[in-house]
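Trainee: I would like to learn how the descriptive words are earned. Can we go through them one at a time?

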Amino acid sequence: MLGSWPQHELPHLTPATCEVTSKASSRYNCIAWAAKDVIKNWWPDPFGIGYWPPGVPRAVTIGAFIQAYETLGYKLCFDGSLEAGIEKVAIFGIGPQGLEIPTHAALQLESGEWTSKLGPFEDISHKTVDAVNGPVYGKPICYMARPR
Amino acid sequence: MVIHQLQETRKAVFLVDSAKADWLKFRILVEKWRTERGARSSITEAMAMPAYLAIIGMGERAIPFLIAQLRSEGDEPDQWFGALMAITGENPTKPEDQGNFQKMAEAWIKWAEREVYAW
């Protein structure tokens, strides 16, 4: 059974490709979830509404999102393949190549599946990273890795 | 669709006082905004949605409704802080509570009680 998100926005999510793992919540968002924070919403808005790691530019750019996860020990890596002892995040974006606007982040589980928080809706596990591709999140732009 | 709803609402409440009409308009805009936002996580995008901007456009009349909305959402407050900041020019949230919507909601509810905006 699927969750409460608008299914046309995430057309690849089906009962065969994902599983709902929490109730819907507005307390935290996908960027926080991939950072293992379920208390805050992470976002570099200019108004100071979202949390953003100190010292990282409050800019909605892929570069700023990379820097945000660098504060947690992640470094850019080649792809989202499963590697023993390595934890990975995928940063999603949408827009012209090289100028993508960040939209979403997903965290790789030890099984090789991925987990995402879908805006104000539920957390899910999804079999492949690109199961959340679509008109709202775009696609993975880069991957980052750190030791588990 | 929303314009039609608003027109219908206006017709239905033309004999009712303006505060009630504003409340009905606010409720429609809240639902419209939730639909517009969908699964987006971006606070900046969410705040730029037409229905959110229309709530901000209601000005001070929206403040008691926004506070009532935060109260009604309990420990799952939504992103009403940007609208409150835009309308009031205030920000009662402590820097260390940025992103913690529960703490931010508590700060705004206390602010409203001080400013006699509670509804």
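**Words and their reasons**

Mentor: Start with a pair of helices: α2(B) and α4(B) are roughly antiparallel to each other. Keep in mind that this is a predicted model.

Trainee: What makes α2(B) and α4(B) roughly antiparallel?

Mentor: Set the angle against the cut-off. Helix α2 (residues 18-37) of chain B and helix α4 (residues 50-57) of chain B pack at about 150°. Angles over 145 degrees count as roughly antiparallel, so the pair earns the term. Their axes are 7 Å apart. The crossing of α2(B) past α4(B) is left-handed.

Trainee: Which residues of α2(B) and α4(B) meet?

Mentor: From α2(B) come B:F26, B:L29, B:V30, B:K32, B:W33 and B:E36. From α4(B) come B:P50, B:A51, B:Y52, B:A54 and B:I55. Nine residues of this contact are nonpolar, none is polar and two are charged.

Trainee: Now chain A. Why is A:F121 called buried?

Mentor: Buried means under 20% relative accessible area. A:F121 has 16%, so the word fits. A:F121 sits in the loop between β5 (114-117) and β6 (123-126) of chain A.

Trainee: What does A:F121 touch, beyond residues up to four places away in sequence?

Mentor: In chain A, the partners are A:S4, A:W5, A:P6, A:K23, A:A24 and A:S25. In chain B, they are B:G38 and B:A39. Look also at A:S22: A:F121 is 99 residues from A:S22 in sequence, but their C-alpha atoms are 9.0 Å apart in space.

Trainee: Which residues touch the most other members of the largest nonpolar core?

Mentor: They are A:I31, A:Y69 and B:L66, in a core of 56 residues. Helix α7 (residues 101-114) of chain B gives this core its largest share, seven residues. Another core, of 19 residues, lies apart from it and includes A:W5 and A:F121.

Trainee: What is B:L66 in contact with, leaving aside neighbours within four places in sequence?

Mentor: The list is B:F26, B:I55, B:W80, B:A83, B:L84 and B:I87.

Trainee: How do you know that α6(B) is mostly covered?

Mentor: Count the buried residues. Helix α6 (residues 81-88) of chain B has eight residues, and six are buried. These are B:F81, B:G82, B:A83, B:L84, B:M85 and B:I87. Their cover includes α3 (43-47), α4, α5 (63-73) and α7 of chain B.

Trainee: What follows α6(B)?

Mentor: B:G89 does, with a positive phi near 75°.

Conventions. Residues numbered from 1 in each chain as written. Chains lettered and ligands numbered in written order. Predicted model: local features only at pLDDT ≥ 70, side-chain atom pairs only at ≥ 80, totals over all residues. Heavy atoms only, no water. Axes fitted to C-alpha atoms, helices over the stretch in contact; angles between N-to-C directions. Helix = DSSP H or I, 4+ residues; strand = E, 2+ residues; numbered from the N terminus. Parallel < 35°, antiparallel > 145°, perpendicular 65-115°, else oblique. Left-handed = near helix turned anticlockwise from the far one by under 90°. Contact = heavy atoms within 4.5 Å. Nonpolar A, V, L, I, M, F, W, Y, C, P; charged D, E, K, R; others polar. Buried < 20%, exposed > 50% of the residue type's maximum accessible area, 1.4 Å probe, protein only. Core = buried A, V, L, I, M, F, W, Y, C linked by side-chain atoms within 4.5 Å.
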